[in-house]
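Open the model in your viewer and keep the sequence panel beside it. The stops below are given in the order in which to select them.

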Amino acid sequence: MLALSKENGLVWLEAYEKMLNGVLKLEEDTAKDLGSDWVETLVSTQADLIRETSQAYLGAVKDRLK
């Protein structure tokens, strides 16, 4: 039961990570389409911060589940 729970947790984390990256890419693409350099820079910086933070957090959780 514990092994199955860990496996399901890893699958869920992988799906969450893919969804989050998709949302961040959509935000960055939308900012590019606006044609404003400062908005694009702001959104890109925010997306990078979220990406790096989530990679660190999700990586730590994945390591605990392995």
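## Starting at Val 23

Select Val 23, which lies in helix 1. Helices here are DSSP runs of H or I with at least four residues, numbered from the N terminus. This is a predicted model, in which local features need pLDDT of at least 70 and side-chain atom pairs count only at pLDDT 80 or more, while totals for chains, interfaces and linings use all residues. Residues are numbered from 1 along each chain as its sequence is written, and side-chain values use heavy atoms, with hydrogens and water left out.

Val 23 has a relative accessible area of 36%, so this residue is partly exposed. The classes used throughout are buried for under 20% relative accessible area, exposed for over 50%, and partly exposed in between, with a 1.4 Å probe and protein chains only.

Now add Trp 12, Tyr 16 and Met 19 to the selection: with Val 23 they form a nonpolar patch on the surface, and together they have about 400 Å² of accessible area. Such a patch is made of residues with over 30% relative accessible area and no salt bridge, with nonpolar side chains (Val, Leu, Ile, Met, Phe, Trp, Tyr) joined within 5 Å. The areas come from the Shrake-Rupley method with a 1.4 Å probe, and for residues only the protein chains shown count as cover.

## The ring pair

Keep Trp 12 and Tyr 16 and hide the rest of the patch. Trp 12 is exposed, at a relative accessible area of 55%, whereas Tyr 16 is partly exposed at 33%. The two are four residues apart in helix 1, and therefore separated by about one helical turn.

How many aromatic pairs does the structure hold? There is one. The ring centres of Trp 12 and Tyr 16 are 5.4 Å apart and the planes lie at 10°, so the pair is stacked. Rings of Phe, Tyr and Trp (its six-membered ring) pair if their centres lie within 6.5 Å; planes under 30 degrees apart count as stacked, over 60 as edge-to-face and the rest as tilted.

## Glu 17 and Lys 62

Select Glu 17 next, in helix 1, which spans residues 2-34. Is this residue buried or exposed? Its relative accessibility is 17%, so Glu 17 counts as buried.

Show what surrounds Glu 17. Leaving aside residues up to four places away in sequence, Glu 17 touches Gln 55, Leu 58 and Lys 62, where contact means heavy atoms within 4.5 Å. Gln 55 is in helix 2 and is partly exposed, with a relative accessible area of 46%. The C-alpha atoms of Gln 55 and Glu 17 are separated by 8.2 Å, although the residues are 38 apart along the chain.

Then move to Lys 62 in helix 2, residues 37-65. Lys 62 is buried as well, with a relative accessible area of 12%. With residues up to four places away in sequence again left out, Lys 62 touches Leu 10, Leu 13, Glu 14 and Glu 17.

Draw the distance between the side chains of Glu 17 and Lys 62: they make a polar contact at 2.6 Å. A polar contact is a pair of N or O atoms within 3.5 Å; within protein, one must be able to donate a hydrogen and the other to accept it, and residues adjacent in sequence count only if both atoms are side-chain atoms. Adding Glu 14 completes a network of salt bridges that links Glu 14, Glu 17 and Lys 62. A salt bridge is a side-chain nitrogen of Lys or Arg within 4 Å of a carboxyl oxygen of Asp or Glu.

## Further salt bridges

The count by this rule is five salt bridges. Select Arg 51 and Glu 28, whose side chains meet in a salt bridge (3.1 Å, N to O). This pair links distant parts of the chain, with Arg 51 in helix 2 and Glu 28 in helix 1, 23 residues apart. Glu 28 is buried, at a relative accessible area of 17%.

Stay on Arg 51 and add Asp 48: these two also form a salt bridge, the closest N and O atoms being 3.2 Å apart. Both lie in helix 2, three residues apart, about one turn of the helix. Asp 48 is partly exposed at 34% relative accessibility.

End with Asp 29 and Lys 25, which meet in a salt bridge through their side chains (3.2 Å, N to O). Both are in helix 1, four residues apart, about one turn of the helix. Asp 29 is partly exposed at 29% relative accessibility, and Lys 25 is partly exposed with a relative accessible area of 48%.

Conventions
Patches are made of residues with over 30% relative accessible area and no salt bridge: like charges are joined within 9 Å, nonpolar side chains (Val, Leu, Ile, Met, Phe, Trp, Tyr) within 5 Å.
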